[in-house]
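The following exercises treat a single protein chain and ask for its packing, cross-links and pocket to be worked out in turn. Each task is followed by a solution in steps.

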Amino acid sequence: MKMNIKYINIIACLAIATAFSTSCSVFNKNKNTANSSTPKTETVKSPVTTPSQSAVSAENLGGEWTIYTVGGKKVTGENRPYINFSMDDHRIYGSNGCNIINGDFATTSGTSLKISNVISTMMACPDAAYEQAINSGLDAVRSYAIIKKGHEFYLDLKNSNGITVMTLRKHNMDFLNGTWEVKSINGKEYNNPDMEMVIDIQEQKLHGNSGCNIMNGSLSINPDKSNSIQFLDIATTRMMCPEANMKAETALLVALESVEYAKKGKNNTVIMSDKNDQPIIILKKVNVER
């Protein structure tokens, strides 16, 4: 017997609520609550395609997007809402800044996009300024456009009149994934193949060898900054090594604490910079089969 999709979503919602010790709700499609909690923040324009930008195909829709604007208002705050488009099962997962949400989406032809059967937990958050606007905006989506600007992607979600109700942003820092040899620190060149870093953007992890000790840490990406990357909670083993190795290790650990940005360089290199965008570390991609 085929179960009605509404009841399937109610069951799924109850499962989410149980996991997060809260209640749940299926969105009311007939009630427009977009204006009930419109955030009083700066009004921004959606990115416009220029010669340095380009429209992008639907295959780039998949993945996690941070909500950049909703209803023309820029989204700010610590608990940044996001949506993950899963292309495998055509489901969305994410957060509206307070509650966990999920639902279905369909891209029937061209740039058409419809999001449906969205369910949500029902935690009460006093600072969830964008929750109702996001919920209502998702219900109104009928098409989309993806624009690439530099190495970042912007996703415009539009209503039936072609008006952008929400803009999402994907940082696209995946070029940092992999194993990297440290070639220079603060302008001083190093030639120690053991001094290397393995970066995993998806898991937000860092591990490697500082030239003397094994190191591990985490990383974060600021959704408000282009090319953002920060390394946090770096810990190392405590072996003693030759003095030159120890000095190189100290230089690397101090430099990593100052990293704020990362950009692609030439010949498979990455340039990491401080808050003033001054280069402090240059990495070169390692062939793991060596």
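**Exercise 1. Describe the largest nonpolar core and the elements that build it.**

Solution. The model is a predicted one. Its largest nonpolar core comprises 28 residues, and the members with the most contacts inside this core are Leu176, Met197, Ile199, Ile229, Phe231, Met272 and Ile281.

Next, assign the core to secondary structure. At least two core residues come from each of strand S12 (178-185), strand S14 (195-200), strand S16 (214-220), helix H3 (243-258), strand S19 (269-273) and strand S20 (279-285). The most is given by H3, with four residues.

Then take one member as an example. Leaving out residues up to four places away in sequence, Met272 touches Leu176, Ile199, Phe231, Val259, Tyr261, Ala262, Gln278, Pro279, Ile280, Ile281 and Leu283. Another core lies apart from this one; it has 26 residues, including Val70, Phe85, Ile101 and Ile146.

**Exercise 2. Determine whether Ser184 is buried or exposed, and identify its contacts.**

Solution. Ser184 is located in strand S12. Its relative accessible area is 9%; the limit for a buried residue is under 20%, and Ser184 is therefore buried. Beyond neighbours within four places in sequence, Ser184 is in contact with Glu189, Tyr190, Ile280, Ile281 and Ile282.

**Exercise 3. Locate Asn227 and establish which residues it touches.**

Solution. Asn227 belongs to the loop between S16 and strand S17 (230-236). With 15% relative accessibility, Asn227 counts as buried.

For the contacts, residues up to four places away in sequence are set aside. Asn227 then touches His151, Glu152, Met173, Glu260, Tyr261, Ala262 and Lys263. For the pair Asn227 and His151, the separation is 76 residues in sequence and 8.5 Å in space, C-alpha to C-alpha.

**Exercise 4. Find the disulfides and state which parts of the chain each one links.**

Solution. A disulfide is a covalent bond between the sulfur atoms of two cysteines. Searching the whole structure yields two disulfides.

Consider Cys98 and Cys125, which are joined with an S to S distance of 2.0 Å. The angle about this S-S bond is 75°, and the link is right-handed. Cys98 sits in the loop between strand S6 (91-95) and strand S7 (100-106), while Cys125 sits in the loop between strand S8 (114-121) and helix H2 (131-140); the pair therefore ties together parts 27 residues apart in sequence. As to exposure, Cys98 is buried at a relative accessible area of 9%, whereas Cys125 is partly exposed at 25% relative accessibility.

Turn now to Cys212 and Cys241, whose sulfur atoms are 1.9 Å apart in the disulfide they form. The torsion about this S-S bond is about 85°, so the disulfide is right-handed. Distant parts of the chain are linked by this pair: Cys212 is in the loop between strand S15 (205-210) and S16, and Cys241 is in the loop between S17 and H3, 29 residues apart. Cys212 counts as buried, at 7% relative accessibility.

Counting the bonded cysteines along the chain gives the disulfide pattern 1-2, 3-4.

**Exercise 5. Explain why H2 is described as largely enclosed by the rest of the structure.**

Solution. Begin with the buried residues of H2, which are Glu131, Ala133, Ile134, Asn135, Ser136, Gly137 and Leu138. These are seven of the 10 residues of H2, so the helix is largely enclosed by the rest of the structure. The packing partners of the buried residues of H2 are S3, S5, S7, S8 and S11.

**Exercise 6. Characterise the largest pocket by its volume and lining.**

Solution. The volume of the largest pocket is about 640 Å³. Its lining consists of 23 residues, and those nearest the pocket centre are Glu64, His171, Ile201, Gln204 and Ile221.

By element, strand S3 (63-70), strand S5 (82-86), strand S11 (164-170) and S16 each contribute at least two lining residues. S3 gives the most, with four residues. By class, the lining has seven nonpolar, nine polar and seven charged residues.

**Exercise 7. Summarise the chain as a whole.**

Solution. The secondary structure comes to three helices and 20 strands. Of the 290 residues in the chain, 42% are buried. Among contacts between residues at least 6 apart in sequence, 50% join residues at least 24 apart.

Technical notes:
Residues are numbered from 1 along each chain as its sequence is written. This is a predicted model: local features need pLDDT of at least 70, side-chain atom pairs count only at pLDDT 80 or more; totals for chains, interfaces and linings use all residues. Side-chain values use heavy atoms; hydrogens and water are left out. A nonpolar core is a set of buried Ala, Val, Leu, Ile, Met, Phe, Trp, Tyr and Cys residues joined through side-chain atoms within 4.5 Å. Buried means under 20% relative accessible area, exposed over 50%, partly exposed in between (1.4 Å probe, protein chains only). Contact means heavy atoms within 4.5 Å. A disulfide is a pair of cysteine sulfur atoms within 2.5 Å. On a 1 Å grid over the protein atoms alone, a cavity is a set of points where a 1.4 Å probe fits but cannot get out, and a pocket is an open set with protein on both sides within 12 Å along at least five of seven lines; lining residues have an atom within 4 Å of a point. Grid points are joined across faces, edges and corners, and a volume is the space filled by probe spheres set on the points. Ala, Val, Leu, Ile, Met, Phe, Trp, Tyr, Cys and Pro count as nonpolar, Asp, Glu, Lys and Arg as charged, and the others, Gly among them, as polar.
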